[in-house]
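The exercises below concern a single protein chain and are to be worked with the coordinates at hand. Each consists of a task and a stepwise solution.

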Amino acid sequence: NNVDNRVWKEHTIAVVLPMDNGLDAHWKRTLEWVATNMERAFSNQEEGIRLNYEWYDENTPDIKKVARELAEREDIEAVIGGLYSSNAEIMAPIFAKKEKTFFTLATTGELVRAYSGGNLWAMTETDITQCEVLLSKVAYYDAESVALLANGEDAYGKTFIDWFAFQAKELGLEVKGTFTYTSSTLAKSSQEAAASGADYVLC
């Protein structure tokens, strides 16, 4: 008998992630796997949970408008998204105001500190931890010096800039320089970092 007598509670999740260059297929495959496993987890229960997704491109010109619309909708139980810290910073306060659960892939430490006490759940390690892990790898490969090339215009780059020298010195690495860039100075800053004499440059 293949009749399913379970009562299914359906939950709609909005997914706001970059959908270009084949990423849409990646996200959909991953999250459909989650939904399938969720249904299997309730195979011996009288009630089950079924996840439905709505898909939005994070690269939309007006991410704030998308976030406001999703925050207002009572049928949206949660939002997954914000691969880029700059977009997550726009969405997080909008969702916090409406107490909408927000699962973000962004890693900016400031964002996690500001909103994790409420509705924000970080799904990756923060950029502070990432910086330390990268520097640990540099030290593991017996380097003596290191430099940093980071975006000076967003919070993700700013965290690396703030923590890099401190963490490098703790690991016994000589800091040859911290080089920031903007969209118009990337080539010049990259050349300066490459010419710094560092054994490794973290970018």
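The model is a predicted one, and the exercises treat its strand pairing, charged pairs, cysteines and backbone angles in turn.

**Exercise 1. Determine the strand order of the sheet that contains E6, E7 and E8, and identify its edges.**

Solution.

Step 1. The sheet is open and comprises 3 strands, arranged in the order E7-E6-E8 with parallel pairing.

Step 2. Strand E7 (174-181) and strand E8 (200-202) each have a single partner strand, so one side of each lacks a neighbour in the sheet and both stand at the edges.

Step 3. On average, and with direction ignored, neighbouring strands of this sheet are turned by 20° against each other.

Step 4. The parallel pairing of strand E6 (residues 145-151) with E8 rests on 3 bridges. Within it, Leu148 is opposite Leu202 of E8.

**Exercise 2. Describe how helices H5 and H7 are placed against the strands E6, E7 and E8.**

Solution.

Step 1. Helix H5 (residues 127-140) packs on the sheet and touches E6 and E8. The direction of H5 makes about 170° with that of E8.

Step 2. Helix H7 (residues 186-194) lies across E6, E7 and E8. Relative to E7, helix H7 runs at about 175°.

**Exercise 3. Establish which strands pair with E1, and give the handedness of the β-α-β unit to which E1 belongs.**

Solution.

Step 1. Strand E1 (residues 7-17) runs parallel to strand E2 (residues 47-57), and 11 bridges join them. Leu17 has Asp57 in E2 as its bridge partner.

Step 2. E1 also pairs in the parallel sense with strand E3 (residues 76-81), over 5 bridges. Here Thr12 is opposite Ile76 of E3.

Step 3. Together with helix H1 (residues 23-41), E1 and E2 make a β-α-β unit that is right-handed.

**Exercise 4. Analyse the salt bridges of the model, considering the location and accessibility of the residues involved.**

Solution.

Step 1. Side chains of opposite charge can pair when their charged atoms come close. With a cut-off of 4 Å between side-chain nitrogen and carboxyl oxygen, the count comes to 10 salt bridges.

Step 2. Lys9 and Glu47 form one of these, at 3.6 Å from N to O. Because Lys9 lies in strand E1 and Glu47 in strand E2, the pair ties together parts that are 38 residues apart in sequence. Lys9 is partly exposed at 45% relative accessibility, and Glu47 is partly exposed at 42%.

Step 3. Lys65 and Glu69 form a salt bridge whose closest N and O atoms are 3.6 Å apart. The two residues are 4 residues apart in helix H2 (residues 63-72), so about one helical turn separates them. Lys65 is partly exposed at 48% relative accessibility, as is Glu69 at 44%.

Step 4. Arg73 and Asp75 meet at 2.6 Å, N to O. Arg73 has a relative accessible area of 25% and is partly exposed; Asp75, with 41%, is partly exposed too.

Step 5. Glu10, Glu39 and Arg50 are linked in a network of salt bridges.

**Exercise 5. Decide whether Cys131 and Cys203 are buried or exposed, and state how many disulfides the structure holds.**

Solution.

Step 1. A disulfide is a covalent bond between the sulfur atoms of two cysteines. The structure holds 0 disulfides.

Step 2. For Cys131, the nearest cysteine sulfur is that of Cys203, 12 Å away. The cut-off for a disulfide is 2.5 Å between sulfur atoms, and Cys131 is in no disulfide.

Step 3. Cys131 is buried, with a relative accessible area of 0%. Cys203 is likewise in no disulfide, and is exposed at 76%.

**Exercise 6. Locate Glu99 and Asp142 and examine their phi angles.**

Solution.

Step 1. Most residues other than glycine have a negative phi.

Step 2. Glu99 has a positive phi, near 55°. Glu99 is placed in the loop between helix H3 (85-97) and strand E4 (101-104), and is exposed at 69% relative accessibility.

Step 3. Asp142 also has a positive phi, about 60°. Asp142 belongs to the loop between H5 and E6, and counts as exposed with 68% relative accessibility.

Terms used. Residues are numbered from 1 along each chain as its sequence is written. This is a predicted model: local features need pLDDT of at least 70, side-chain atom pairs count only at pLDDT 80 or more; totals for chains, interfaces and linings use all residues. Side-chain values use heavy atoms; hydrogens and water are left out. Two strands pair if DSSP finds at least two bridges between them. Axes are lines fitted to C-alpha atoms, for helices over the stretch in contact, and angles run from 0 to 180 degrees between N-to-C directions. Contact means heavy atoms within 4.5 Å. A crossover is right-handed if, with the strands pointing away from the viewer, the path from the first strand over the helix to the second runs clockwise. Buried means under 20% relative accessible area, exposed over 50%, partly exposed in between (1.4 Å probe, protein chains only).
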